[in-house]
Amino acid sequence: MKNNKPQMNRREFIDTVSRKVPTWLAFVSAFGAGELILAKDSDYNPEDHDYAMGIEIHNCIGCGRCADACKNENKVPREHSYFRTWVERYVIPPEGEAIVDSPNGGIDGFPKLKEGTEILRSFFVPKLCNHCAEAPCVQVCPVGATFTSRDGVVLVDESYCVGCRYCIQACPYGARYLHPETHTADKCTFCYHRITKGLLPACVEVCPTGARIFGEKGRRSSPLRRFLRFNDITVLKPGLNTQPKVYYAGADMEVR
Amino acid sequence: MTHTLLAALTSLANPMAPSGYIYPNEFELHWSLLIIVYPYLTGLVAGAFILASLERVFNVKALQPVYRLSLLTALAFMIIAPLPLLAHLGHPERCLEMFLTPHVASAMAMFGFVYAWYLSVVLLLEIWFDYRKDIVNWGNEKKGFMKYVYKALTLGATDISKKSLAFDEKIGRAITIIGIPSAFLLHGYVGFIFGSIKANPWWSSVLIPIVFIFSAIVSGIALMLIIYMVTSMFRWKHIDMKCLNKLAELLLYAMIIDFGLEFLDFIHRLYESEESIHILAEMISSRLFISLIISQILLGSLVPMVALVVARFGKFPSEMKRILYFIAALLVQVGIFSTRWNVVIGGQLFSKSLRGLTVYKVDLFGLEGVFMSILLLLAPLGVLYVLTKVLPPWDDTDPGAAQIQK
């Protein structure tokens, strides 16, 4: 009977547990297991997505809200030479060269045209990184800091970028700049921090006319799918074979 | 013609204003003076080495007086060449990532390996094998600290028997034979870094690597001509006119090929007349008028070519020939620097929207400034001075190098 005596009684057990379990929990969380537990909670799988954007040029009113929202959302420097997205105004006269401008990316609106300017047609074109499937910037990055994510977004790892600016030279669309504070290449990420949580990119969210359509080409329920189905689509500089994933509806031959 | 002149004058009068439409991110020029200095320096490396290899592999005996000097010059410029690149990086502390975790599809990443190959396998080995006998001898003759420097430089290989020297000769020749395509690769590759950018119609040309190689040869020969004349002057030695004439001849031939290739590139662009032709024509006639038409073509190519022809094949006293050669070689350096300027800066002055031109304002101070560039251009000469003290390249027993009577 002596051998059947319990090794600790109820009081001792509760005492031990109340002291040891919190200690272990503190230990485990200090070494990052907490992150692993959290990661399990998220069911986001990048392989399931292939993001892209559509631009309905006839809907764009050139208000510049998108460029402004982008600067706010992504802490893009406010100076006039750093833009992740901007809006261009095209004025095509009956004869001669097209007049194109984008003062402060269109954020402050557009100045009045010179009096007497004859206009054949005019429109606004929002521009941003095209997240090319065959991205020249990804190809030339010497350290692989610019890469295509598994969900099809071209991103820059700012902790790895050496700041050589080869990618800026290689981008045919002028979509990249060197961030004056981080000294690394920077560009549109489709607001990656938002879209992976199921939100829309800031520029799409604020567009008052629905000129920007965000979604996934491969998903039947995506608004982008509908946009691609009912419009004549073009991409910018198709001759360069960069295979952009920003699709334009109603883009004029003058748009470069 | 009137239009061209008018555009040039307008741009001279108001050079600081961008014109037409440029993408908002294009206001800042991303590759500036340092990136001009860099291909200029690597060009000199490749050119000087190719000149040295002419003596070694193709037995151009007239070039004997500049053989070792060319090798040391190539090494001196090679040591400094990566510095402008490094200084230009946004994060120079991460530069080794290009070697440790290179992105193999990137032309720039692979250049690191081409550079390392050329420096370690070609230049250092060739110089070591060529100097080994002298290094062993100096190690035995010199006293004090330098004795140990030379002892260390032998790397323990002190055998200078006939058989051993014959082996050195054989290996040295083999390295030079590998070295020639390597030198072509080195500077051709620099050209490829620009030429493979399809987004940029000014750069994107299959001819660019070849033009780079020949302009490298031109700049290298001209540099050796200058260095040979200046060093001879300071050493109170007679200049070997046979060698100088040969250098001038080779310089002229290389210039004819280089100019021909660039002319072909120009005609090809003009005839194809692609979408970009209007903006490029506007750029040449305004922003690049001085650096391209005046500095590169007129002063840097045509004038020195005429001077070389006149001096080499005319009947002048050697004194006059030497002056003409020297002026021609200096002008060639100005011309080649302008070539690099026109490639690097020209490629960024027009918008990729092909609708406007931006401006480049040169800084005086700072990392990307004029003073830093001058320092980087002069630094190789300092390195060369030290190298010639440690490894004297002159064979003063040569009758051609007779002492001038003071």
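Angles of 65 to 115 degrees between two axes count as roughly perpendicular. Keep that in mind for a helix pair in chain B of this predicted model.

The pair is α2(B), residues 33–57, and α9(B), residues 208–234; they pack at an angle of about 70°, and their axes are 7 Å apart. The two helices are therefore roughly perpendicular to each other. From α2(B), the residues in this contact are B:G43, B:L44, B:A46, B:G47, B:A48, B:I50 and B:L51. They meet residues of α9(B), including B:F212, B:A216, B:G220 and B:M224. By class, this contact has 12 nonpolar residues, five polar and no charged.

Next, the contact between the chains. Chain A contributes 36 residues and chain B contributes 32. On the chain A side, at least two residues each come from β3 (99–101), α4 (136–140), α5 (166–170) and β7 (177–178). The largest share, four residues, belongs to α5(A). That side of chain A divides into 21 nonpolar, 11 polar and four charged residues.

Last, a sheet in chain A. It is open and has four strands, ordered β9-β1-β11-β10, with mixed pairing. Which strands stand at the edges? They are β9(A), residues 212–216, and β10(A), residues 233–234; each has a single partner strand, so one side of each is left without a neighbour in the sheet. Strands β1(A), 51–56, and β11(A), 246–249, run parallel and are joined by four bridges. A:I55 has A:Y248 in β11(A) as its bridge partner. Helix α8(A), residues 223–230, packs on this sheet and touches β1, β9, β10 and β11 of chain A. The direction of α8(A) makes about 115° with that of β9(A).

Methods
Residues are numbered from 1 along each chain as its sequence is written. Chains are lettered from A and ligands numbered from 1 in the order in which they are written. This is a predicted model: local features need pLDDT of at least 70, side-chain atom pairs count only at pLDDT 80 or more; totals for chains, interfaces and linings use all residues. Two residues are in contact if their C-beta atoms, placed from the backbone, lie within 7 Å. Ala, Val, Leu, Ile, Met, Phe, Trp, Tyr, Cys and Pro count as nonpolar, Asp, Glu, Lys and Arg as charged, and the others, Gly among them, as polar. Axes are lines fitted to C-alpha atoms, for helices over the stretch in contact, and angles run from 0 to 180 degrees between N-to-C directions. Angles under 35 degrees count as roughly parallel, over 145 as roughly antiparallel, 65 to 115 as roughly perpendicular and the rest as oblique. Two strands pair if DSSP finds at least two bridges between them.
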